[in-house]
Each structure stands twice: as structure tokens, then as C-alpha cells.
Amino acid sequence: MKPAEINQRFAQLQDRIAADFDNEKPDIKVLLFLIGVQELGQGPRKFSKRQKEELMHIANCKLFSQMGFYELEGQDQDGWPHWKLVKTIPNYAILEQELLIKSLIITYFDENGY
């Protein structure tokens, strides 16, 4: 996808989620949190600040696994997924990084029927 298309589709995704949750437009961090909660698979509940950070890490690992950078190792005794880095992620410029994350988020929601 071209940058303009990525930004347009990302904005549409934000609008759909905002409407579904009757809330304001979610930013990238909120979308990563939602993906993390989905990947944890334990449903919505209260999370500590540390757990929220871990959920966003789970989301990043899941998203970058689409490109072969991470591989799921398994789950711990509490059911939290653990990932391992299998190849080094290149250093992207800030704008490239943002577009890549947006593109991976779009793909994730598309593949999960949203």
C-alpha cells in the first residue's frame, strides 16, 4: 500500500472502532492495547500499568510476527503468550516506522474479520 492509502485505511479503522466503542478515535497505543487484549484471550478486565505495557508488547510481537521477526514460544502458567525475536528488526525512520505499524494494524484487523 502507498502511504496515502495506509493513512486513509487507518483513519477508517479508527472511525469504526470509535463508533463501535462509542468513544473518541483511538491512537496507535490504544489499538496496540486492544490487539494485546485480543491476543491474551482472557477477555476485558482491569490491567495494571505494567500489564498494559506487556499487552502492547504482545501486540507488537504479534504484528511483527507477520513479517517473520517474532515467533510464538508458548504461554506461561497465567496464559500470557511469550514471543522470541528470530531476526533483527531493521532501524526504520520514524515516519517509516509509523506507516509500517499502521499497515500491520490494518492487516491484523482485516485478518480477524473486523
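Is Lys-102 buried or exposed? Select Lys-102 and hold that thought while you look over the whole chain. Bear in mind that the model is predicted.

**Whole chain**

Show the chain as a cartoon. You should find four helices and two strands. Trace them from the N terminus: the order is α-α-α-β-β-α. The radius of gyration is 14 Å, close to the 13 Å that the globule rule gives for 114 residues, so the chain is as compact as a globular protein of that length. Along the principal axes, the C-alpha atoms fill a box of roughly 40 × 35 × 25 Å.

Next, turn on the contacts. Take pairs of residues at least 6 apart in sequence: 49% of their contacts join residues at least 24 apart.

**Surface and charge**

Switch to a surface view. The accessible surface comes to about 7,500 Å². Carbon and sulfur atoms account for 49% of that area. Of the 114 residues, 31% count as buried.

Now colour by charge. There are 14 positive and 17 negative side chains. The centres of the two sets lie 2 Å apart.

**Stop 1: Lys-102**

Go back to the opening residue. Select helix 4, residues 94-111, and find Lys-102 within it. Lys-102 is buried: its relative accessibility is 11%, and the cut-off for buried is under 20%. What does Lys-102 touch, not counting residues up to four places away in sequence? Display Ile-6, Asn-7, Phe-10 and Ile-28. Those four are the contacts of Lys-102 under that condition.

**Stop 2: Gln-14**

Move to helix 1, residues 3-20, and select Gln-14. Gln-14 has 13% relative accessibility, so this residue counts as buried too. Which residues is Gln-14 in contact with, leaving aside neighbours within four places in sequence? Show Lys-25, Pro-26 and Asp-27 as sticks. Gln-14 is in contact with each of these three.

**Stop 3: Asp-22**

Follow the chain out of helix 1 into the loop that leads to helix 2 (28-40). Asp-22 lies in this loop. Is Asp-22 buried or exposed? At 73% relative accessibility, Asp-22 counts as exposed. The contrast is with Gln-14, which counts as buried.

Check the backbone here as well. Phi of Asp-22 is near 50 degrees. That is a positive value in a residue other than glycine.

**Last view**

Keep the three selected residues on screen together. Lys-102 sits in helix 4, Gln-14 in helix 1, and Asp-22 in the loop between helix 1 and helix 2. Lys-102 counts as buried, whereas Asp-22 counts as exposed.

Conventions
Residues numbered from 1 in each chain as written. Predicted model: local features only at pLDDT ≥ 70, side-chain atom pairs only at ≥ 80, totals over all residues. Heavy atoms only, no water. Rg over C-alpha atoms; globule rule 2.2 N^0.38 Å. Buried < 20%, exposed > 50% of the residue type's maximum accessible area, 1.4 Å probe, protein only. Contact = heavy atoms within 4.5 Å. Areas by Shrake-Rupley, 256 points an atom, 1.4 Å probe, with all protein chains shown as cover. Lys, Arg positive; Asp, Glu negative; His and termini not counted. Charge placed at Lys NZ, Arg CZ, Asp CG, Glu CD.
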